[in-house]
Amino acid sequence: MKKKLRTLKVDTTEYLYSTRVTYIAETEESIFTIRLFIDKYSKYALLVHYKVIDDYYVGNPLNHSVLLYNHKLEKEIVVNLNRPLFVRMALDYGLEQGWNPTDAPLELDGLALLVREGYDIQKLLPKKA
């Protein structure tokens, strides 16, 4: 059986995290959520939501890998939010936004994080009619 909670160690602090995809049938979108917390402080979790268009064949593209162009690196990068690199990016973003893992929960928009890190997210958004 696969463990739902995974660990991410940063210096001497060990964070637990899980990922989840929620499908929204009315809009054909889905939300990929990263949930981070310190053991025994799960009620003060950091939630980072990535609301994107759902692909007919694979579901949420950020859950299964998608090529996104990064303007800072000037090349395409494979983005899979299950990778520790992106979980650490979400953790650093939450801490910069004032999240205290032992004091209060915080919810953030993950697409804003991707844009801030230089990713072109246009292919993840619904097409304008």
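**Figure 1. The open sheet of the predicted model contains 5 strands in the order β1-β2-β3-β4-β7, with mixed pairing.** The structure shown in this and the following views is a predicted model. At the edges of the sheet stand β1, covering residues 6–10, and β7, covering residues 106–109, each of which pairs on one side only. Neighbouring strands of this sheet are turned against each other by 25° on average, when direction is ignored.

**Figure 2. Strand β1 pairs with strand β2 in the antiparallel sense.** The pairing of β1 with β2, the latter spanning residues 13–24, extends over 5 bridges. Within this view, Arg6 has Tyr17 of β2 as its bridge partner.

**Figure 3. Helix α2 lies across β1, β2, β3, β4 and β7.** The direction of α2 is at about 70° to that of β3, the strand formed by residues 29–38, while β4 covers residues 46–53. The helix comprises residues 84–96 and includes Phe86, which is taken up again in the view of the aromatic pair.

**Figure 4. Phe32 is a buried residue of strand β3.** The relative accessible area of Phe32 is 0%. When its neighbours within four places in sequence are left aside, Phe32 is in contact with Thr19, Arg20 and Val21, with Val48, His49 and Tyr50, with Asn60, Leu62 and Asn63, and with Leu81 and Asn82. For one of these partners, Leu81, the C-alpha atom is separated from that of Phe32 by 8.3 Å, although the two residues are 49 residues apart along the chain.

**Figure 5. Phe86 and Tyr119 form a tilted aromatic pair.** A search of the whole structure finds 4 aromatic pairs. In the pair formed by Phe86 and Tyr119, the rings are 6.3 Å apart from centre to centre, with 55° between their planes. Phe86 belongs to helix α2 and Tyr119 to the segment after α3, the helix of residues 110–116, so the pair ties together parts that are 33 residues apart in sequence. Both partners can be placed by their accessibility: Phe86 is buried, its relative accessible area being 1%, and Tyr119 likewise counts as buried, at a relative accessibility of 7%.

**Figure 6. Strands β5 and β6 form a hairpin with 4 residues between them.** Strand β5, residues 66–70, and strand β6, residues 75–79, run antiparallel and are joined by 5 bridges. Across this pairing, Tyr69 of the hairpin stands opposite Glu76 in β6. The turn contains Glu74, whose phi is positive at about 55°.

**Figure 7. Lys40 and Glu74 are loop residues, and each has a positive phi.** Most residues other than glycine have a negative phi, and it is against this background that the two backbone conformations are shown. Lys40, placed in the loop between β3 and β4, is a residue other than glycine with a phi near 75°. The relative accessible area of Lys40 is 75%, so Lys40 is exposed. Glu74, in the loop between β5 and β6, has a phi of about 55° and is not a glycine either. With a relative accessibility of 61%, Glu74 also counts as exposed.

Conventions:
Residues numbered from 1 in each chain as written. Predicted model: local features only at pLDDT ≥ 70, side-chain atom pairs only at ≥ 80, totals over all residues. Heavy atoms only, no water. Phe/Tyr/Trp six-rings, centres within 6.5 Å; stacked < 30°, edge-to-face > 60°. Helix = DSSP H or I, 4+ residues; strand = E, 2+ residues; numbered from the N terminus. Buried < 20%, exposed > 50% of the residue type's maximum accessible area, 1.4 Å probe, protein only. Pairing = 2+ DSSP bridges. Axes fitted to C-alpha atoms, helices over the stretch in contact; angles between N-to-C directions. Contact = heavy atoms within 4.5 Å.
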